[in-house]
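The following report describes a two-part topic in turn, moving from domains and confidence to individual residues. Please read it alongside the sequence and the coordinates shown here.

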Amino acid sequence: MALTRRYLEPARVPEPVVRRLRVFAFDPSLATRIATASFNEITVAIPWEELDPGPIGEYIEVVDVDPASGVFYYPVDLDHPHLLARDGLPPSESNPRFHQQMVYAVAMTTIQHFERALGRTALWADRRVRRPRGKYDRQFVRRLRIYPHALRDRNAYYSPSKKALLFGYFPVASKDEDNTPGTIVFACLSHDIIAHETTHALLDGVHPRFNEATNRDVHAFHEAFADIVALFQHFTYPAVLESQIRRTRGDLDSESLLGQLAQQFGRATGRGAALRDALGSRDEETQKWTPRAPDPHALESTLGAHERGAILVAAVFRAFLLIYRTRTADLFRIATQGTGTLPEGEIHPDLTARLAQEAARSADRVLQMCIRAIDYCPPVHITFGSFLRGVITADLDFSPEDRESRIVFIESFREWGIYPDGISSMGVDALAWPTGEERIKELAADRSDTREPEELQGNLSEFVRQESSQWNLESDRLAVWENLAQLRGALHSWLLSGDSFGRDYARIFGLEIDPVEAPSTVSRDQNGRPAFEVHAVRPTIRRTARGMTSTDLVIEITQRRAGYYDEAEQKKMDDPARSRGKRDRPDFYYRAGATILVDPTTSEVRRVIRTPGTIVDTTELDQVRGYLRSGGGLRNAFDGGAQSLRDRDYGAREEPFALLHQLEDQL
Amino acid sequence: MPPAERLRPPENGVTVRMYRQGHGDCFLLAFPREGGGEPYYVMIDCGYKPGSQAYLDHRKSIADVVKHLHASCGGHLDLAILTHEHQDHLNGIWKTPKPYFEIFEIDETWVAWTEDPTNDLANDLRERHRDQLLGLLAARRELAVAVGEDDVAVTRLDSLLGLELGAGAEELDGDSLLAAAEDPEKSVNKQAMKLIKDKGAARKGCFYRYPGIPPLPLDGAAGVRAFILGPPENADLIADEDPHEGEGFPEGNPFSLTGASRRTPDERSSPFRRHFFVPLKFAFQRGTQKEAPFFVERYGTKPAEKEDVDGLEVPDGASWRRIDEEWLYSAETLALKLNTGINNTSLVVAFELPSSKKVLFFAADAQRGNWASWKDVTFKDGAETITAKELLARTVLYKVGHHGSHNATLAGTADDAEHPNLAWMGQGSAAAEFTAMITAVTKWAMEKNNPPWVHPLPSIREELHRKARGRVFQTDENQPVRPNGASEGEWARFTDRSVFDPLYFDWTVLDE
């Protein structure tokens, strides 16, 4: 008896590592096409967490309200044993609970890619609460809210104010060749749309002011980056690629194959036309798909945000193809015994599997490179060129041994005419952001009063040691958040402390804290000193070349200056003699600053990534003014509320009298 | 105001008058009459965006402008052209009860084929437009109840819907929109159209013009011919999103925005089967709460003022995360599409002078879709074929599309045969004379619209100034400035043929 009971006693079962959930790989309209039906359902594995109905986990809360229909949909319980036993609900358009499962699964996959690339837990953008007397408090937002059926529109967007993703649905109009009139299309069933919008939310959590459009590239970058994540996340599922590779016998003309696939995704996210222009197109007569050759002058004449963004996607896509080709060259040599010509008939299933695996790995590599780069971008005023520098520098830090991928990126970007301003060459060295030491030497060459690197380092290390001793990155995300908030404050007072070390650091970071040097339009604190905002401090864990893990601190500091459209007015307001009493509302804000990477164990300033100009820089201010006055930048890059998917579909939007789409300026 | 004098063309050529009534179009063209006598007059549109006139120096109302127009043509128009059905092209025509244009004599009226009651596609498009408009007006009403009449989302929507309805010469308000909602056929736009169409029909006729029909001689203006380039006969132009009546749903597809807004909340339905959902009104009730506290906990019911805002962490069910009205905001996107669709139904006319073959090109509010179609438009002229590209090359006057907005003037090169663009215009001998007219009040457009309307887009404006070497008339600029590159002689040749009046600009083209 006792023996039996012992056998019956539940054994301690460890938590599973992952939860497997089924999703559509493409939008459901492709599920009913024979060519794509075979691989449209895939199973994704996401890190295990206990879920409340919703699903509601640590990062995501799906709340399925449909105000236009006046209903709530009952939440799916993914922890129900029946669902656990069969990888969640089977894909279905007509079951809203599957929709909830799918947005959860895909959004979590994207989050996972970010966490892995950036080496830290993902945090959403803070909620800013307005307090009396113009003060703001930050509140911690634990979960991104997802509303799968929020709108009746061809639309889906991230709402920065609600910290939520809103997805729409709409009945198909009669003319759509892929759909049946009257049936309903759900944006929340498109893998790529979910990944795209989740990326917007993640980026907002990383860089609080990243989306302020101060040049042509800002909007374009946001769209392109979200597309890149969606696209390459998609390529990381080997199942998606396998059937295509089999069907085309691993045709070496991989550009055609993968380019077409990329376009399928483009079609699903509604950005087909722009991507089509950037990647290539199918000849109307011969039906043969031809890739578009990179055009180094394309950017010069392309001003619309989506078209510019498509060029960045094309450049990254080309880098991916080059990596993939290099990595599969040996496989083709083996399979063809060096002839380069495959025998007639189907290719060996093993070869298919290997090719698909390599494609998926290449995609993952590209995805990681691109995501890592966002820690290596200036805090505001992103350009395609500085993104390239970010990609290269981050990759130098994370994978120093794999030179090839960096060279391929540079090659592809150069072929598309993407290069940063003010660098002497397109070599890896020139592109990498300077280290603290290099900055100090640079400054020392100009001025004699700068301290030696060792001396400065000593001072910093004291501060960092004090502040970083008690954080724990594994604890609850709220605790991490509190820790980082404290660190932000401490860093601010340290830099401000007024001793000469702070001043030296400010100079290295490209800040202006001298009350006399700064024009009066630069924001000041209560004591009349130029103010700066430490708007983010975050850790990032990477593996060093020797296999150790190392934690860096990523610090973003910006300053703000009032800008006026009228240059004469600007001059008047800049004048130090002007009384600093009541201020008029400026026409715009000009921001400048730096992202700084610090290694807390060695107190080394590892990278200094500055905006093109400092806050005193009038030329930069003029450029921003020029851009804003030309009608750009009136809207914030996330403000997709009015950008329907259909609009994105038109290479250049068919729009409008009003300016919802005025970003697409032509000519 | 002293009575205006008649507008008189040169013996050999044409005088174009651009009225400066506000942000909108109103043109009067005077050609010498065949066999002598009073000139042959053509009017193209008469309307403006209410409020924009206040930004102009002349301080005249639309009534004054129409009075001036009436005197300038002696109350007689040989031809009236209404390009498309938008407020800023029509509201100077109609007012209740006494229409401004009641006293005009009109011999002939031209409108686009999209008005043709015998054309199935045109009827279909109009039907769809009406359907959508009704839905949008209903959505607007609901949104106003939810967020208040003064909310910026509502005023923005009103401005867009105002274009479609006309809604009177005064500032728009909820009441006039409501009245229009009850019967869109009574809108200012529709009535203005009807008045001018009826007047023409009673004399020589009201004609529905199709692109590519053989050149039309102006009956009375010796040798002057008109070419119709747009709108194209293509339903995609008036791209709309929702299936409409006739596709099985009497009030639009119930799952579309407009389909839902036209139904009462109780009549609305979900696209999913009944066992998947609980209606909102039951979700927060006691019985349901026990069954599914999820909705109360996660979505929340607490009003904002009763919420805890002091915690470190955002509370569950926070009020600021709810989305009760969010779907109604999409109405703005739809309204924009509607606007674009109608802009693309613009009748695009080119007038050709008899001996010099110079062309005056009136693009109305044509946007990308309309422009793109010109590449395939050709005209049979006896044995010859004339292409749109040839007409554009001979263009000496370009009435800039849609207030100079971003995709109503396309960029490109002269040798690109596929994509009609600005570079096609004013080639060869026409280059020295090429002149542009922009009907825009920029300050009003930027300040009174949210988001601002960038009219004209600076890059388009700059390109026009460059191409025309400064010869650009703009409603809100009293006189163009001589650019650095232009000699005094060159500039004088332009200004000598121009009149810069606070109320209008005249520009004369000689047929030589």
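In this predicted model, the domain assignment of chain A gives three units: domain 1 covers 18-206, domain 2 covers 232-430, and domain 3 is made of 436-577 together with 584-633. Between domain 2 of chain A and domain 3 of chain A there is a contact surface to which domain 2 gives 13 residues and domain 3 gives 16 residues. On the side of domain 2 of chain A that touches domain 3 of chain A, seven residues are nonpolar, two are polar and four are charged.

Chain A contains 23 helices and 17 strands, and 51% of its 667 residues are buried. When contacts in chain A between residues at least 6 apart in sequence are considered, 67% join residues that are at least 24 apart.

The confidence of the prediction in chain A averages a pLDDT of 78, with 76% of the residues scoring at least 70. Among the elements of chain A, strand β3 (residues 60-62) has the highest mean pLDDT, 96, whereas helix α23 (residues 645-649) has the lowest, 28. Over residues 633-667 of chain A the pLDDT is below 50, and this stretch nevertheless has 121 contacts in the model beyond near neighbours in sequence.

Where in chain A does Arg142(A) lie? Arg142(A) belongs to the loop between β7 (136-139) and β8 (144-151) of chain A, and it counts as buried because 20 other C-beta atoms lie within 10 Å, where 20 or more is the criterion. If residues up to four places away in sequence are left out, Arg142(A) touches Arg477(A) and Leu478(A) as well as Glu313(B), so that its list of partners includes residues of chain A and a residue of chain B. The C-alpha atom of Arg142(A) is separated by 9.5 Å from that of Ala125(A), a residue 17 places away along the chain.

Chain B is divided into two domains, of which domain 1 is assembled from 13-77, 210-231 and 344-510, and domain 2 from 120-185 and 333-337. Taken over C-alpha atoms, the centres of domain 1 of chain B and domain 2 of chain B are separated by 29 Å.

There are 16 helices and 20 strands in chain B. Its radius of gyration is 26 Å, close to the 24 Å that the globule rule gives for 512 residues, and chain B is therefore as compact as a globular protein of that length. Along the principal axes, the C-alpha atoms of chain B fill a box of roughly 90 × 50 × 50 Å. Of the 512 residues of chain B, 53% count as buried, and among its contacts between residues at least 6 apart in sequence, 69% join residues at least 24 apart.

Within chain B, seven strands form an open sheet with mixed pairing, in the order β9-β10-β12-β13-β16-β17-β18. The edge strands of this sheet are β9 (216-217) and β18 (472-474) of chain B, each of which pairs on one side only. Strand β10 (residues 225-230) of chain B pairs with strand β12 (residues 348-352) of chain B in the antiparallel sense over five bridges, and Ile228(B) stands opposite Val349(B) in β12(B).

Some residues have backbone angles that deserve separate listing.

| Residue or bond | Feature | Angle |
|---|---|---|
| Gly54(A) to Pro55(A) | cis peptide bond | omega about -5 degrees |
| His455(B) to Pro456(B) | cis peptide bond | omega near -10 degrees |
| Asp45(B) | positive phi, not a glycine | phi near 60 degrees |
| Arg469(B) | positive phi, not a glycine | phi about 50 degrees |

Pro55(A) is placed in the loop between β2 (41-47) and β3 of chain A, while Pro456(B) is in the loop between α14 (442-447) and α15 (458-467) of chain B. Asp45(B), in contrast, is in strand β3 (residues 40-46) of chain B, and Arg469(B) is found in the loop between α15 and β18 of chain B.

Are Asp45(B) and Arg469(B) buried or partly exposed? Asp45(B) is buried, because 28 other C-beta atoms lie within 10 Å. Arg469(B) has 19 other C-beta atoms within 10 Å and is therefore partly exposed, since a buried residue needs 20 or more.

Key:
Residues are numbered from 1 along each chain as its sequence is written. Chains are lettered from A and ligands numbered from 1 in the order in which they are written. This is a predicted model: local features need pLDDT of at least 70, side-chain atom pairs count only at pLDDT 80 or more; totals for chains, interfaces and linings use all residues. Domain bounds come from an automatic or database domain assignment. Two residues are in contact if their C-beta atoms, placed from the backbone, lie within 7 Å. Ala, Val, Leu, Ile, Met, Phe, Trp, Tyr, Cys and Pro count as nonpolar, Asp, Glu, Lys and Arg as charged, and the others, Gly among them, as polar. pLDDT is the predictor's confidence in each residue, from 0 to 100. Helices (H or I, at least four residues) and strands (E, at least two) are DSSP runs, numbered from the N terminus. A residue is buried if 20 or more other C-beta atoms lie within 10 Å of its own, exposed if 12 or fewer, and partly exposed in between; C-beta atoms are placed from the backbone. Two strands pair if DSSP finds at least two bridges between them. The radius of gyration is taken over C-alpha atoms; the globule rule is 2.2 Å times the number of residues to the power 0.38.
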